[in-house]
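Got your viewer ready? Here is a short tour, one selection at a time.

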Amino acid sequence: MKASVYYGKNDIRFEDLPVPEIEDGDILLKMKSCGLCGTDIHKALHQTVTGPVVLGHEVAAEVVKVGRRVTRFQPGDRVVTAIHVPCYSCHYCDRGHFTLCEQFKPTHIEPGGFAEYIRLPELHVKHLTHKIPDGVSWEKAAMVEPIGCCLHGLKQAAITSGCSVLVMGSGTIGLLSAQLSAMMGASTVIVSDLSTFKLDLALRLGIDHAINPAQENLEARIGEITDGLGVDVVVIAAGVSALLPQAINLLRRGGRVVVFSPFDHHNMVSIDAGRFFRDEISVIGTYSLSSYEMPEAVEIVRKNRIKLDEMITHCYPLSRLGEAIEFASNPDNDVLKVIMQMDE
Ligand SMILES: [Zn+2]
Ligand SMILES: [Zn+2]
């Protein structure tokens, strides 16, 4: 089978790998669409993983083979899945912090999403895999995993009807978070970004305000929009830790910041710490998703509760993964979500 294997920076090879063998509780998938995630781009460009490795985890695929003990799926089923499964029995899992489980990160699909065939181990089959509803395209189905990740963070932000939400960063995670906030009842949703293309796209998706902080004073605009109160929730969906002090300053009293960005370890920033006691603000960290968010994300896609077609700007054949990463990471390009698909 073919796979796009990451060996190092600017060295991704489209090569032959053996089709993974499955065991009794596993299933074998044929990849149809796999989203190119910001974390894949980050890993490839900043070399935070050592090759050879197959990246990709936003998988929509067809079941081609099932193990003897698998009853929920059969060949021909269209499914979505995710990559990490917790143990459901440790200190963290007992307290519902599934993404912090020791077993979470080491679990993986084999060899990764950017491959023609993928083995899903038994725990993935049991806890993370869901059928794609009829009428949902492969490309849209590949958006289920990132939607689940956004839900995981937003759930903790207590967005209720009438809330105002500012999303800093209008990439895929930012625009999904903005649309999901509106879906959860936020009455005012604002995004900020430096890209005119992404801000225009946000407005086309129905976001209320799109602000370019290089051209306008963000604090002044937020003040105008919220009658001087500040926003209920800020979501940071850009990898710039300097946004954190600014986000805290833009909160109304009692507001929440959700940080959904892979900042580097020991990345120090100064914040107005007085706001915690005086104004009861909170800062919430979020990473990945738990198995509970997958079916919720499938339902959101099935019911078309957010706009996804407009967000998928490019599809690339899997053989051109290196080119796709280069294209998607260049801020001069008009690109949002890139989906990888098997070569014809
Ligand atoms: Zn992702
Ligand atoms: Zn656990």
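**Stop one: the metal**

Select the zinc ion (ligand 1): C37 (SG), H57 (NE2) and E58 (OE) coordinate it at 2.2 to 2.5 Å. Donors here are N, O and S atoms within 2.8 Å of the metal (3.2 Å for Na, K and Ca), and with water not among the atoms, sites may look incomplete. Along the chain, the donors follow the spacing C-x19-H-E. Now colour by burial: H57 and E58 are both buried, that is, under 20% relative accessible area (exposed is over 50%, partly exposed in between; 1.4 Å probe, protein chains only).

A word on ground rules: this is a predicted model, where local features need pLDDT of at least 70 and side-chain atom pairs pLDDT 80 or more, while totals for chains, interfaces and linings use all residues. Residues are numbered from 1 along each chain as written, chains are lettered from A and ligands numbered from 1 in the order written, and side-chain values use heavy atoms, without hydrogens or water.

**Stop two: a helix inside**

Next, pick helix α5, residues 144-154 (helices are DSSP runs of H or I, at least four residues; strands are E, at least two; both numbered from the N terminus). Because 11 of its 11 residues are buried, α5 is largely enclosed by the rest of the structure. Among them are E145, C149, C150 and H152.

**Stop three: strand β13**

Finally, go to residues 282-285, strand β13, and click V283. Is V283 buried or partly exposed? V283 counts as partly exposed, because its relative accessibility is 36%.
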